Amino acid sequence: MRSVEYAILLGFCMAFASFRLPADELNDIDNYRQYSPYFSSSGQPGAGQFKTLEAAGFKRVIYLAFTDNKTAIESEDRVVKSLGMDYLHIPVDFDNPSIQDFEDFAAVLNRDQNIRTLLHCQINLRASTFSFLYRVIYAGVPMLDAKADLDAIWQPDKTWYRFIVETLKKHGLSEQCDGCDWAINEFS
């Protein structure tokens, strides 16, 4: 190879190596977790990160916290809709999550499971718990696998543990599984 061709090829490779794909940038979103090609959860994306989500093929955003939270994005619904994505807001009281909140979320996901969806809240505590429940109840993910993903984000406190148990029970399931550690932080 001639030196000119080598220099052009080297320059192309260096430019390509420095180019960040949207999938790489998804990991910049607080506590981002991808569970399948169609379903992910995270903490609050920054306003500019919604464009990254759209570029990565997301078509739907579901928000589980209240809009008056200090880290909420002002007019998040408008930002998301302006990028051509669907937006759904299910305000979940962190101190009192309800099975109906979960059922509302699950109904949306079950209606069309092949739409790339981001479920988020402020730091991915609500969203990771809803993701755990959805994956166990509806997606057939083994509880131990789903629990490992939940544990990577947080160990639910007493309120959220009770919510998990009640929601699983409503669906004829138990939180018990070989290897599942549901130790509750004594300060919760």
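**Group meeting talk: a walk from Arg-116 to the core**

Let's start with one residue, Arg-116, and its neighbours. Beyond the residues up to four places away in sequence, Arg-116 touches Leu-26, Tyr-32, Gln-34, Pro-37, Tyr-38, Ala-56, Gly-57, Phe-58, Lys-59 and Arg-60. Before I go on, please keep in mind that this is a predicted model.

So where does Arg-116 sit? You'll find Arg-116 in the loop between helix 5 and strand 5. Is Arg-116 buried or exposed? Its relative accessible area is 15%, and the cut-off for buried is under 20%, so Arg-116 counts as buried. From the list of neighbours, let me pick out two. The first is Lys-59: 57 residues separate Lys-59 and Arg-116 in sequence, yet their C-alpha atoms are 5.4 Å apart. The other is Gln-34, whose side chain makes a polar contact of 3.3 Å with the side chain of Arg-116.

Gln-34 takes us nicely to the strands. The bridge partner of Gln-34 in strand 2 is Ser-40. Strand 1, residues 33–36, and strand 2 pair in the antiparallel sense, over three bridges, and the two form a hairpin with two residues between them. Strand 2 also pairs with strand 5, this time in the parallel sense and over four bridges. Within that pairing, Ser-41 has Leu-119 of strand 5 as its bridge partner. Do have a look at the two faces of strand 2: both are covered, with Phe-39 and Ser-41 buried on one side and Ser-40 and Ser-42 buried on the other.

Stay with Ser-41 for a moment, please. Its side chain is joined to that of Asn-124 by a polar contact of 3.1 Å. Asn-124 is in the loop between strand 5 and helix 6, and at 0% relative accessibility Asn-124 counts as buried. The side chain of Asn-124 also reaches the backbone oxygen of Asn-31, at 2.8 Å. Leaving aside neighbours within four places in sequence, the contacts of Asn-124 are Asn-31, Arg-33, Ser-41, Ser-42, Gly-43 and Ile-153.

A quick detour to Gln-49, which has its place in helix 3, residues 49–55. A polar atom of the Gln-49 side chain lies 2.6 Å from the backbone nitrogen of Gly-46. Not counting residues up to four places away in sequence, Gln-49 touches Asp-28 and Ile-29.

Now, on to helix 5, residues 99–111. How does its length compare with what we should expect? At 1.5 Å a residue, its 13 residues should span 18 Å, and the end C-alpha atoms are indeed 18 Å apart, so the two values agree. Its buried residues are Asp-101, Phe-102, Glu-103, Phe-105, Ala-106, Val-108 and Leu-109. What do they pack against? The partners are strands 2, 3, 4 and 5, together with helix 6 and helix 8. Phe-105 gives a good close-up: leaving aside neighbours within four places in sequence, Phe-105 is in contact with Phe-39, Ile-62, Ile-90, Leu-119, Phe-130 and Tyr-134.

That brings us to the core. In soluble globular proteins, nonpolar side chains tend to be buried together. Here, the largest nonpolar core has 48 residues, and Leu-64, Phe-102, Phe-105, Phe-130 and Phe-132 touch the most other members. The elements giving two or more residues to this core are helix 3, strand 3, helix 5, strand 5, helix 6, helix 7 and helix 8. Helix 6 gives the most, with eight residues.

Let me pick Leu-64 from that group. Leu-64 lies in the loop between strand 3 and helix 4, and is buried, with a relative accessible area of 0%. Its C-alpha atom is separated by 6.2 Å from that of His-120, which is 56 residues away along the chain. Beyond its neighbours within four places in sequence, Leu-64 is in contact with Ile-90, Pro-91, Val-92, Leu-119, His-120, Cys-121, Arg-126, Ala-127 and Phe-130.

Let me zoom out to finish. The protein has eight helices and five strands, and from the N terminus the order is α-α-β-β-α-β-α-β-α-β-α-α-α. Of its 188 residues, 41% are buried. Among contacts with a separation of 6 or more, 75% are between residues 24 or more positions apart. Finally, the accessible surface comes to about 10300 Å², and 52% of that belongs to carbon and sulfur atoms. Thanks, everyone!

Note on methods: Residues are numbered from 1 along each chain as its sequence is written. This is a predicted model: local features need pLDDT of at least 70, side-chain atom pairs count only at pLDDT 80 or more; totals for chains, interfaces and linings use all residues. Side-chain values use heavy atoms; hydrogens and water are left out. Buried means under 20% relative accessible area, exposed over 50%, partly exposed in between (1.4 Å probe, protein chains only). Contact means heavy atoms within 4.5 Å. Accessible areas come from the Shrake-Rupley method with a 1.4 Å probe; for residues, only the protein chains shown count as cover. The expected span of a helix is 1.5 Å times one less than its number of residues. A polar contact is a pair of N or O atoms within 3.5 Å; within protein, one must be able to donate a hydrogen and the other to accept it, and residues adjacent in sequence count only if both atoms are side-chain atoms. Two strands pair if DSSP finds at least two bridges between them. A nonpolar core is a set of buried Ala, Val, Leu, Ile, Met, Phe, Trp, Tyr and Cys residues joined through side-chain atoms within 4.5 Å.
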